[in-house]
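Ready for some practice in reading a protein model? Work through each exercise on your own before you look at the solution.

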Amino acid sequence: MEKANQISRVGFILLGLSDQPKLEKTFFVLILLMYLVVLLGNGVLILVTILDSHMHAPMYYFLGNLSFLDICYTTSSVPLVLDSFLTPRKTISFSACAVQVFLSFAMGATECVLLSMMAFDHYVAICNPLRYPVVMSKAAYVPMAASSWAAGITSSVVQTSQAMRLPFCGDNVINHFTCEILAVLKLACADISNVISMAEANVTFLGIPVLFISFSYVFIIATILRIPSAEERIPSACSAHLTDVVIFYTLFFMYVKPKPKDTMGTDKQDFSGKLILLFCGAVTLMLNPIIYILRNKDAQATVRKLVAQIHFTQ
């Protein structure tokens, strides 16, 4: 118990790439460039959804929320990762670690629900276009987005409070770049079955949006196939969202799947696992705004107009 109290006072040491110091500067440049692309791309998407009156529609409202969510998610961890590449002593306080765990849970859970809301928006637009203005009115889509954030934050509060109340009486070294929850739980010296069962229940809860998205796209595809000359914008409006869903959930299930127990190659496995999680997350968040702009003609036109206005004022 005394050791647990000490860890809550002094915090944790993040191992990061301490065992590979020659790679730190290279990774610093790569992650910094990816982070800047994430900020720029998602910032542009938020701007165009606010400034262009033609994009004041439910689909773009959800897209603006998704872009803001991606900025929050990366900002909650990437600056710390960048600092760890330049700082010899990679420490984080207990409270800062808890905040990072909370933000990671909240942003991930919120994105799961928000993606399902976007799928429902596409479903109504394509399968019930005449009812779309009524079903997806402002009185409907604003609470839908708000409920996504509320569900993610509520889930994160429960998960984080369960995890961070555990006594950490072992080593205070986290074998990761950030306070990744699975790496943190390895330091607990109490029964974590309640936390694990809560996490499993949460994964089941977050799997519901997958089913919702799947059923939505079954009806969407069936409707498109029945249209003799569907407008080009109909499939393209969904393709960006569907690409985002596939990438996000592929990485999500790669993260939550049980890791093989290989005691002989544990260090190598941990190192590769850290890099995969870091780069896959950064690359995915970097690709999101690119995918939505490239696959959406309205967004492309608005970005060109915005660039032209900036160039004209100069």
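Helices here are DSSP runs of H or I with at least four residues, strands are runs of E with at least two, and both are numbered from the N terminus. Keep in mind that this is a predicted model.

**Exercise 1. Take stock of the chain and of the confidence in it.**

Solution. Start with the secondary structure: the chain has 12 helices and 3 strands. Next, look at burial: 43% of the 314 residues count as buried. Then turn to confidence. The mean pLDDT of the chain is 77, and 72% of the residues reach 70 or more. Helix α1 (residues 2–10) has the lowest confidence, with a mean of 52, while helix α6 (residues 132–135) has the highest, at 90. Finally, find residues 263–267: pLDDT stays under 50 there, and the model gives this stretch 0 contacts beyond four places in sequence.

**Exercise 2. Decide whether V48 is buried or exposed, and find its place in the chain.**

Solution. First locate the residue: V48 belongs to helix α2. Now apply the cut-off, since buried means under 20% relative accessible area. V48 has a relative accessibility of 1%, so this residue counts as buried. As a last step, compare sequence with space: V48 and G64 are 16 residues apart in sequence, and their C-alpha atoms are 8.9 Å apart.

**Exercise 3. Describe the largest nonpolar core.**

Solution. Begin with a general idea: in soluble globular proteins, nonpolar side chains tend to be buried together. In this model, the largest nonpolar core holds 34 residues, and F62, L115, M136, I213, Y249 and Y292 have the most contacts inside it. Two or more residues come from each of α2, α3, α5, α7, α9, α10 and α11. The greatest contribution is that of α5, with 9 residues. Now zoom in on I213: leaving out residues up to four places away in sequence, I213 touches L115, S116, A119, V245 and Y249. A second, separate core has 19 residues, among them A98, V101, F168 and L185.

**Exercise 4. Describe how α5 and α7 cross.**

Solution. Two packed helices are described by the angle between their axes and the distance between the axes. Take the distance and the angle together: the axes of α5 and α7 come within 7 Å and cross at roughly 145 degrees. Then give the handedness: the crossing of α5 and α7 is right-handed. To finish, sort the residues where α5 contacts α7: 19 are nonpolar, 8 are polar and none are charged.

Terms used: Residues numbered from 1 in each chain as written. Predicted model: local features only at pLDDT ≥ 70, side-chain atom pairs only at ≥ 80, totals over all residues. Heavy atoms only, no water. Core = buried A, V, L, I, M, F, W, Y, C linked by side-chain atoms within 4.5 Å. Buried < 20%, exposed > 50% of the residue type's maximum accessible area, 1.4 Å probe, protein only. Contact = heavy atoms within 4.5 Å. Axes fitted to C-alpha atoms, helices over the stretch in contact; angles between N-to-C directions. Left-handed = near helix turned anticlockwise from the far one by under 90°. Nonpolar A, V, L, I, M, F, W, Y, C, P; charged D, E, K, R; others polar. pLDDT = per-residue confidence, 0-100.
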